[in-house]
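Biologist: Could you take me through this model, beginning with how it should be read?

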Amino acid sequence: MGKQLHENICEERMFSSIFNKHSKNLYNFLYYKFGDLLNPKDKVQEAFVKLWQNCAKISPDKAKSFLFTTANNLMLNEVAHQKVVLKHQQTKPKMHTNESPEFLMQESEYHDKLQKALANLTEAQRVAFMMNRIEGKRFKEIAEILDISTKAVEKRIYGALEKLRKDIKEL
């Protein structure tokens with residue numbers, strides 16, 4: 001690199017030319033190799049930023065190789081990062097808590113009361129209530145699934161709530 005290059009990547013015209021020539025192919029390469037989940041568009045941009053930061057060190061004939069290598073490495077780093085994130089999400093929390101034994105006992109008793117109260121509901125009430133409160137479905141969705149009117153769903157859920165309030169005084 002002793003002799004001065006005739007064309008320099010640091011010139012805006014040359015950099016734009018390289019961007020226009022290689023950005024689409026670089027995106028396609030990353031997309032086909034890694035899919036869309038890891039944001040290949042972002043990695044293309046990052047690769048061009050790195051090219052710009054190193055423009056004085058890279059000759060125009062080496063720019064394509066630099067871009068593809070850099071973008072590929074960025075994607076591989078992202079894959080490795082996602083694996084760490086996934087592994088961290090799968091680790092189970094510690095079994096100790098800061099709650100007092102009294103609180104834990106009350107929580108266990110409340111859970112038992114709730115299970116018994118849910119068991120005392122009619123099947124129709126329990127199904128509608130669980131679909132609404134656990135699965136987060138709206139009355140209209142439940143009505144369509146169970147093939148009943150929305151008024152019937154409302155009646156079942158409100159009946160379930162009344163029965164649960166009676167069976168569990170803490171609610």
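The exchange below turns to the cores, one annotated span and one residue.

Modeller: This is a predicted model, in which local features need pLDDT of at least 70 and side-chain atom pairs count only at pLDDT 80 or more, whereas totals for chains, interfaces and linings use all residues. Residues are numbered from 1 along each chain as its sequence is written, and side-chain values use heavy atoms, with hydrogens and water left out.

Biologist: Which element gives the largest share of the largest nonpolar core?

Modeller: A nonpolar core is a set of buried Ala, Val, Leu, Ile, Met, Phe, Trp, Tyr and Cys residues joined through side-chain atoms within 4.5 Å, where buried means under 20% relative accessible area, exposed over 50% and partly exposed in between (1.4 Å probe, protein chains only). The largest such core has 21 residues, and Ile18, Leu26 and Phe48 are among those with the most contacts inside it. Two or more residues come from each of α1 (12-34), α2 (40-53) and α3 (63-90), these helices being DSSP runs of H or I, at least four residues, numbered from the N terminus. The largest share, seven residues, comes from α1.

Biologist: How far apart in space are alanine 124 and phenylalanine 15?

Modeller: Phenylalanine 15 is one of the residues that Phe48 touches (heavy atoms within 4.5 Å), while alanine 124 lies in helix α5, residues 123-133. Alanine 124 is partly exposed, with a relative accessible area of 30%. The two are 109 residues apart in sequence, and their C-alpha to C-alpha distance in space is 68 Å.

Methods:
Lists of a residue's contacts leave out its neighbours within four places in sequence.
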